[in-house]
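Reader: I am new to this structure and would be grateful for a close look at a single part of it. Please begin from one residue and then proceed to its surroundings.

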Amino acid sequence: MLISEDNVLTVRDLQVEFSTPLGVVHALNGVNLTVPRSKVLGIVGESGCGKSVTARAILQILEPQATITKGQIVFHRPEDVKEEASQVLSEEGELSVAAAAVRSGDVEITKLDPHSVEMRAMRGAEIAMIFQEPMSSLNPLFTVGAQIEEAILLHQTKDEVEAHKRAVDMLRRVGMPNPEGVSASYPHQLSGGMRQRAMIAMALSCEPTVLIADEPTTALDVTTEAQILELMRRLEEDIGMSIIFITHSMGVVAQLCDEVAVMYLGRVVERASVDEIFHNPKHPYTRSLLRSIPRIGANRKAPLEVIKGSIPDPYTQPGGCPFHPRCPEFMAGTCDVIVPLETGVGTDHSVRCHLYPGSVPAHAAVASEEA
Amino acid sequence: MAEEKLLEVTGLKKHFPIRGGLMRRQVGAVKAVDGVDLSVGRSETMAVVGESGCGKSTTGRAIIRLEEPTAGEVIFHHKELGPIDVASADRKTLKKLRPRMQIIFQDPFASLDSRMTVGRVIAEPLVINKVVSGKQLRDRVAELLTVVGLRPEHASRYPHAFSGGQRQRIGIARAIALNPDLIICDEPVSALDVSVQAQVLNLMEDLQRKLDLTYLFISHDLSVVEHIADRVAVMYVGRVVEVGTTQELFYSPKHPYTEALLSAVPQADPRHRTRPTALTGDVPSPANPPSGCYFHPRCPYAQPICSEQTPELRDIGGGQQAACHFADELSLKGAVVSAVPGLDTPADAATVSESSAAGEET
């Protein structure tokens with residue numbers, strides 16, 4: 001397990017349900033994650049695997065139909081920041097003594113009310129997020145500068161001149177040409193890549209401990225994507241923040257991340273260092289995923305390896321291991337009955353698959369022996 | 001390169017007017033496609049790559065007259081009627097040409113009419129062109145569904161009941177219904193999940209072999225293009241800047257823009273972290289392009305001449321063409337070959353053959 005290290009965020013057995021007119025959708029079925037300090041954690045998976053829901057649950061900005069039914073999200077606040085954060089909050093004078101106590105050391109996000117002052121103080125200031133669509137997440141009625149200043153005025157300073165200075169400085173740091181001009185422009189006047197830079201500038205304006213980036217480059221061209229990835233790498237080094245990078249692109253993961261969690265149907269099926277995931281993958285899903293991507297210089301014109309079938313619809317999830325109907329190494333009687341537990345396979349590498357010992361829960365093991 | 005030509009495009013232009021002022025007079029033009037030359041041989045896959053807004057989709061649409069071209073010639077070599085200029089063809093000729101040219105769209109959710117059953121979607125081209133009817137029509141639809149890996153009973157369902165990959169298969173079935181020669185594939189896999197993308201690409205290659213299809217494959221994903229294409233054309237701001245075989249273009253590019261595009265592809269190998277050739281700035285607007293070579297403001301090799309004279313697309317040798325003043329002098333970096341050693345072990349090979357045999361299921 002990866003829990004012993006210096007982590008900034010721990011997610012334990014997180015379960016989220018959506019109630020829809022067609023029935024209950026189990027979006028997350030026990031997600032375990034740890035976000036290492038000052039490193040990039042990549043969350044990869046296909047559509048519907050729950051990567052975005054995980055991100056939204058961490059910030060408590062889930063849709064109204066969604067509820068966290070089980071599990072824990074704990075934010076480990078770094079020591080030096082503790083002082084500063086409580087100072088700003090006491091100036092606000094809104095926090096009760098009890099709330100102030102919560103703010104020292106670990107914070108259990110799942111215990112906070114999504115609308116509470118504590119949660120709101122944390123969003124943006126300590127955990128910030130960048131969304132996939134830079135056009136729909138910027139307000140078209142306000143200038144880019146005004147939108148960045150809003151975050152700074154809310155969390156950092158009450159001085160508007162100072163806030164403007166910081167906003168322009170932030171735009172400069174994300175590599176924006178003519179930052180003064182950009183801060184006075186409206187979102188429609190900027191290109192996709194510049195909008196995404198503006199979003200990043202906004203997210204970083206309060207120097208958060210954790211940055212959640214939900215497919216920030218998916219809507220962009222390769223050349224712009226490369227620029228944004230380069231920027232993220234530089235910012236991670238400069239500011240020393242942790243990044244949760246959500247993507248479906250294995251190429252982006254390989255280029256940027258330090259650790260990787262592979263998700264499938266609401267569960268993390270494998271997590272390890274990026275090198276382990278690419279050079280020593282253990283879960284059949286990870287392996288198939290790596291084989292199915294076209295690579296430059298490899299097997300040109302030969303058929304690509306495919307994963308049979310498609311992702312099941314959210315209302316009818318298969319029993320046992322969720323991947324078993326598509327798995328090339330399916331074992332009847334085990335995979336379709338028992339949900340595999342997370343087991344360690346080497347240092348800092350864990351997997352949820354019955355191919356590896358320790359995947360069967362104790363009571364299920366007894367039951368199968370009796371049968 | 002295939003000997004026999006199927007399609008020859010010369011000087012194709014598509015300008016969209018910009019209107020302004022009180023009388024809505026034309027005050028300018030977005031030169032989405034501004035003099036594209038392309039030739040596509042029979043049975044080959046020609047890819048068109050470039051960043052968004054470079055005019056690659058408009059080129060594809062103008063070739064089959066979904067957009068009315070502003071200027072230029074599109075010669076299509078019809079098996080019976082001989083060479084015909086699509087760009088200037090009248091309605092009657094177009095009606096005869098259209099069954100030979102089909103298109104697959106990017107978004108499988110927008111390209112199928114949600115009020116028509118899948119059977120009707122696929123039957124529509126057959127009905128309109130009065131190819132078959134009655135029992136024969138139903139049989140042909142069932143056959144087409146089987147060919148693309150779906151089941152005949154799916155014909156009575158509506159598109160919403162299908163996943164993205166399955167919808168794209170339906171779109172492919174519709175495109176091959178009339179046994180066309182040419183299929184314009186406009187980003188056919190970019191809206192699909194990784195695991196489904198491979199299935200659809202395999203299907204497309206399979207169909208190309210079986211039905212002797214020619215693909216004009218429009219994509220921004222260079223890894224996909226490298227996998228599927230025989231030849232590649234790189235577009236930048238409405239013009240083709242480089243053409244060559246996949247091998248030439250990926251491993252000895254002659255245009256600095258091609259080099260920059262290749263260096264930006266994220267390699268799926270953490271042991272080869274690349275620092276891409278920094279392309280600064282954005283793609284210029286096709287309404288107001290820079291002088292000379294359109295790429296010169298972003299080009300790391302730009303010289304004074306680049307901002308003054310527009311380079312023509314010219315032969316570099318071996319069928320490769322580039323539009324750069326310094327194409328002969330520059331030695332540019334090609335694509336980095338990535339392989340994951342951990343996946344090539346013999347132990348894995350057995351499971352590979354099993355998984356590759358299976359198709360998509362419902």
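Which residues does A:Val262 touch, not counting residues up to four places away in sequence?

Author: The model is a predicted one, and what follows should be read in that light. Leaving aside residues up to four places away in sequence, A:Val262 touches A:Val44, A:Gly45, A:Val268, A:Val269, A:Glu270, A:Ile277, A:His283, A:Tyr285 and A:Thr286.

A:Val262 also belongs to the largest nonpolar core, a set of 197 residues. Within this core, the residues with the most contacts are A:Val262, A:Ile244, B:Leu216, B:Phe217 and B:Val234. Helix α9 of chain A gives the most to the core, with 8 residues. As a general matter, nonpolar side chains in soluble globular proteins tend to be buried together.

The strands of chain A may be considered next. In strand β7 of chain A, residues 210-214, 5 of the 5 residues are buried, so the strand is largely enclosed by the rest of the structure. Its two faces are both covered: A:Val210, A:Ile212 and A:Asp214 are buried on one side, and A:Leu211 and A:Ala213 are buried on the other. Strand β7(A) pairs with β6(A), residues 127-130, in the parallel sense over 4 bridges. In that pairing, A:Ile130 has A:Ala213 as its bridge partner. Strand β7(A) also pairs with β8(A), again in the parallel sense, over 5 bridges. There, A:Leu211 stands opposite A:Ile243 of β8(A).

Strand β8(A), residues 242-247, is also part of what covers the buried residues of helix α10 of chain A. The cover further includes α9 (192-204) and α11 (250-256) of chain A, together with α7 (222-228) and α9 (256-264) of chain B. The helix itself, residues 222-239, has 18 residues and reaches 25 Å from its first C-alpha to its last, close to the 26 Å expected at 1.5 Å a residue. Buried in α10(A) are A:Val222, A:Thr223, A:Thr224, A:Glu225, A:Ala226, A:Gln227, A:Ile228, A:Leu229 and A:Met232. Just after the helix, A:Gly240 takes a positive phi of about 75°.

The contact between the chains comes next. It takes 46 residues from chain A and 51 residues from chain B. On the side of chain A that touches chain B, α10, α11, α12 (274-279) and α13 (284-292) each supply at least two residues. Of these, α13(A) gives the most, with 6 residues. The residues of this side of chain A divide into 20 nonpolar, 15 polar and 11 charged.

Chain B may complete the account. There, 4 strands form an open sheet in the order β2-β1-β4-β5, with antiparallel pairing. Its edge strands are β2 (25-41) and β5 (82-85), each pairing on one side only. From one strand to the next, the twist averages 25°. Strand β1(B), residues 5-20, pairs with β2(B) in the antiparallel sense over 13 bridges, and B:Val9 has B:Leu38 of β2(B) as its bridge partner. Helix α1 of chain B, residues 56-63, is mostly covered, with 8 of its 8 residues buried. Among them are B:Lys56, B:Arg61 and B:Ile63. The helix is followed by B:Arg65, whose phi is positive, near 60°.

Notes
Residues numbered from 1 in each chain as written. Chains lettered and ligands numbered in written order. Predicted model: local features only at pLDDT ≥ 70, side-chain atom pairs only at ≥ 80, totals over all residues. Expected span 1.5 Å × (residues − 1). Buried ≥ 20, exposed ≤ 12 C-beta atoms within 10 Å, placed from the backbone. Contact = placed C-beta atoms within 7 Å. Nonpolar A, V, L, I, M, F, W, Y, C, P; charged D, E, K, R; others polar. Pairing = 2+ DSSP bridges. Axes fitted to C-alpha atoms, helices over the stretch in contact; angles between N-to-C directions. Core = buried A, V, L, I, M, F, W, Y, C linked by C-beta atoms within 7 Å.
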